[in-house]
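Let's walk through this one together, question by question. Have the viewer open and follow along at your own pace.

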Amino acid sequence: MSRAAVVNAAIALSILAVPLYALAADEPFLITLATRAAILALAGVGLNIALGQGGLVSLGHAAFFGIGGYAMGIVAFHAQSFTPLMIGPLEFQGSKSMPLIWLVAILSSGAAALVIGALSLRTSGVYFIMITLAFGQMLFYFAISWPAYGGEDGLSIYVRNGFPGLNTLDPIQFFGICFALLGAALWISARLAASPFGLALAAARQSVARAQAVGLNVPRIQLAAFTISGMITGLAGALFADLNRFVSPTMLSWQMSGEIMVFVILGGTARLFGPVAGAALYVLLEHLLGGISEFWQIYLGGLLLAVVLFARGGLVGLLAGGAR
Amino acid sequence: MTPVLETRALCKTFGALEASRDVSLSVRPGEIHALIGPNGAGKSTLISQICGTQPPDSGTVHLMGQDVTHLSAAARARAGLARTFQISALAPELSVLQNAVLGALGASGGSFRMAARVMGDAALLVEADEALDRVGLTAQRDTRVSDLSHAQRRLLEVAVALTLRPKVFLMDEPMAGLGADGSRALTALLADLRNEAPILLVEHDMDAVFVLADRISVLVYGRIITTGSPRDIRADAAVREAYLGEETP
C-alpha cells in the first residue's frame, strides 16, 4: 500500500471512529459533528472535481449546495403541510423519502450547473471566478425574496426525512447514510480521475493548447466536469438541510462557496481525500476554537495562509508527500 | 495531385501591421515543405491561422480538399492536422506515457468515457508505446513530463503528434534549442516521417531545412516571396538579400 493510500485510509477511519466512540460514550453531539464533517466533505468532493481535476475555480458552488438544500426543503415542505405542489397540470404531493429527495436535489443542481457552467465557461481565469460568484449571488437574492418558502427566514422541516429500513432520527444511522454517500462520491471521483474523461480533463487543466491540439473538445469536457461537480455538491446540500432540518438562503451565500473551497485547499487540491481532511479539520477547529472565541475564523485564516504558503499540497500533501 | 494542406490568399492585419499578405501555399503528399523567414516575418501568425487558433481576415485553409477555415483548432486536429509547438505544450504533471495516450485518446474520439480505465486500454497503450518507441522515449515512458530534458520534450511533442495518425504534420521549429546531436537525430526522424504524412516544417535551423525540404517557401514581411527547391532557393538573389543576409554580388 502506498503512503497516500495509508493516509487516505487513516482519514476515512478517523471520521468513522469519532461517531463510534461517541456512540459508546453516549455523546450524540459528537455524532452530529462527525455527520456535519461528512456532509461538508461531500460538498468538497464535488467541488474538487471542478477545482482539483478540472482547474475550474468556481466561487459559486454554494448555488448547487443551496439548490440541493431547497430541493429537500421544498419537496418535504409540501409533504408536511399537505399542500400539493402544482407543476403545470401535474399535482405533486411532496415526499419525505430521502432517495426521492436526493434524486430531485441531484437533478436540479445538475441542471443549474449545466446552465451556469455553459455560460461561465465562455470565460476563464479571474472572469470565471467572478461570473460563478455572480450566479451564486443571483440565486442567493432570489431565495431571500421568494416568500413562498420562507424567504430570508428560511424553511423549517419538522421531522427528518426517512430512508427505507432505517431510522434516520437515530444520529448514528443518519451518520451512516452520509458516510456511505461520501464513500460513493469518493469512489466516483477516483474512477473519474482514472478514466479517459479524467485524463482529458487533466490535460485541459494543464495545457489548453495541448488538449486542443489532440482534438479534445475542451469546453464540453469542462462543462461535463462542472455539471458532475455541481450534482455531488447538490446532494451534499440536501443532506445538510436534512441534518439541520432547516434550509435558508445562507446555504446559497458566497461565504458558503468560500467555505467549500477552503475545505479543498486545506486538505489538498486534486487529492482524492483532500476535501475530506479539509472538512474534518474545519469542523474540528470550528468546534474547538469556536469555544474559545467568537472570532475563531481568524485562526482559520492563519492556518489557511500557512497551508497556501508552505504546504501547497494541503494537509494530505503534507502527510502523503510526493507530487499529486 | 490534390494538396493535403493548402492556404489560399490568407490575409491578416494587426492595425497597420500586415502579418499575412495573400499567403498561398500547399503541402503535397509525401513532401516536406519548409517555411523559412526572418524573425517577425509572420510565421507564427500564419501557423495559428492554419491551426485554427486565430481566424484570418480573408482567405481560406483547406485540409484534404475540404475548407476548414471555420473549424476550431480541435476540429482541425480531428480532421487530421497534427501540430507540434515551438514552446513545448505538454501536460507537465502527467507522465510521458500518459501524454502519448492522451494523443491516442484524442484521435480515438472516446474522451467522454467515464467508466473505463484509460491506462488499462490496450488499444490506446499500443498506439502510445509505438509512438514513444519511434522517437526513442521508451525508457522514459513513466517519467513525469516536468522532469524531462528540453530535448526529450521536443521528441515527446513529435510522439504525441504521431499518435494522432494525422494526414499532415505542422511542425513549429522542432529543432529549437536542440544541440547538434539532437538536431541530427530529429532530422533523421523527420526524414522518415514524411512517408507517413507530409510535413509543413517551420524551422530556423538551415542545415536541417536544406537537408529535409523538398520545397521551401520564404516568408518576408507577411508575403511569400518565393517557393522552390532547395537548390533554387539557395541561388535566389532576393532570398539571399532578404533572408540569408548576404549582399547580392
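Q: Which strands of chain B does helix H1 (residues 43-51) lie across, and at about what angle does helix H1 run to E1(B)?
A: Keep in mind throughout that this is a predicted model. Helix H1 of chain B covers residues 43-51 and lies across E1, E2 and strand E4 (58-63). Its angle to E1(B) is about 125°.

Q: In what order do the four strands of that open sheet in chain B come?
A: Strands of a sheet can pair in a parallel or an antiparallel way, through backbone hydrogen bonds. In this open sheet of chain B the pairing is antiparallel. The order is E2-E1-E4-E5.

Q: Which strands stand at the edges of this sheet in chain B?
A: An edge strand here has a single partner strand, so one side of it is left without a neighbour in the sheet. That description fits strand E2 (17-27) and strand E5 (66-67) of chain B.

Q: Which residue in E2(B) stands opposite Thr13(B)?
A: Strand E1 (residues 5-14) of chain B pairs with E2(B) in the antiparallel sense, over seven bridges. Looking across from Thr13(B) into E2(B), you find Glu18(B).

Q: What is the strand order in the open sheet of six strands in chain B?
A: This sheet of chain B has mixed pairing. Its edge strands are E6 (81-84) and E10 (223-228), each pairing on one side only. The twist from one strand to the next averages 15°. Reading across the sheet, the order is E6-E7-E8-E3-E9-E10.

Q: Which residue in E10(B) does Val220(B) stand opposite?
A: Strand E9 of chain B spans residues 215-220 and pairs with E10(B). The two run in the antiparallel sense, with five bridges between them. Opposite Val220(B) stands Arg223(B).

Q: At about what angle does helix H5 (residues 150-163) of chain B run to E6(B)?
A: Helix H5 of chain B lies across E6 and strand E7 (168-172). Its direction relative to E6(B) is given by an angle of about 175°.

Q: How are the rings of Phe77(A) and Tyr149(A) arranged?
A: A search of the whole structure finds 12 aromatic pairs over all chains, and this is one of them. The ring centres of Phe77(A) and Tyr149(A) are 5.7 Å apart. Their planes stand at 85°, and planes over 60 degrees apart count as edge-to-face, so the pair is edge-to-face.

Q: How many residues apart in sequence are the parts that the pair of Phe77(A) and Tyr149(A) ties together?
A: Phe77(A) lies in helix H3 (residues 62-80) of chain A. Tyr149(A) is in the loop between helix H5 (126-144) and strand E3 (155-156) of chain A. The pair therefore ties together parts whose separation in sequence is 72 residues.

Q: Is Tyr149(A) buried or exposed?
A: Its partner Phe77(A) has 21% relative accessibility and counts as partly exposed. Tyr149(A) has 7%, and under 20% means buried. Tyr149(A) therefore counts as buried.

Q: Which residues do ring pairs link into a cluster with Phe77(A)?
A: Phe142(A) and Trp146(A) form a tilted pair, 5.2 Å centre to centre with 35° between the planes. Phe142(A) is partly exposed at 47%, and Trp146(A) is partly exposed at 32%. With Phe77(A), the cluster takes in Phe142(A), Trp146(A) and Tyr149(A).

Q: Over which ring does the charged end of Arg234(B) sit?
A: Chain A offers an arginine over a ring too: Arg160(A) lies over the face of Phe174(A), at 4.1 Å from the ring centre. In chain B, the charged end of Arg234(B) is 4.4 Å from the centre of its ring. That ring belongs to Phe210(B).

Q: Which residues of chain A lose the most area to chain B?
A: The contact takes 26 residues from chain A and 34 residues from chain B. About 2,600 Å² is buried between the chains, 65% of it on carbon and sulfur atoms. Three residues together account for 28% of what the chain A side buries. They are Pro196(A), Leu199(A) and Arg210(A).

Q: Leaving aside neighbours within four places in sequence, which residues is Thr227(A) in contact with?
A: Thr227(A) is found in helix H9 (residues 218-244) of chain A. At 10% relative accessibility, Thr227(A) counts as buried. Its contacts beyond those neighbours are Gly110(A), Ala113(A) and Leu114(A).

Terms used:
Residues are numbered from 1 along each chain as its sequence is written. Chains are lettered from A and ligands numbered from 1 in the order in which they are written. This is a predicted model: local features need pLDDT of at least 70, side-chain atom pairs count only at pLDDT 80 or more; totals for chains, interfaces and linings use all residues. Side-chain values use heavy atoms; hydrogens and water are left out. Two strands pair if DSSP finds at least two bridges between them. Axes are lines fitted to C-alpha atoms, for helices over the stretch in contact, and angles run from 0 to 180 degrees between N-to-C directions. Contact means heavy atoms within 4.5 Å. Rings of Phe, Tyr and Trp (its six-membered ring) pair if their centres lie within 6.5 Å; planes under 30 degrees apart count as stacked, over 60 as edge-to-face and the rest as tilted. Buried means under 20% relative accessible area, exposed over 50%, partly exposed in between (1.4 Å probe, protein chains only). A charge sits over a ring if NZ of Lys or CZ of Arg is within 6 Å of the ring centre and within 35 degrees of the ring normal. Buried area is the accessible area (1.4 Å probe) that two parts lose on being put together, summed over both.
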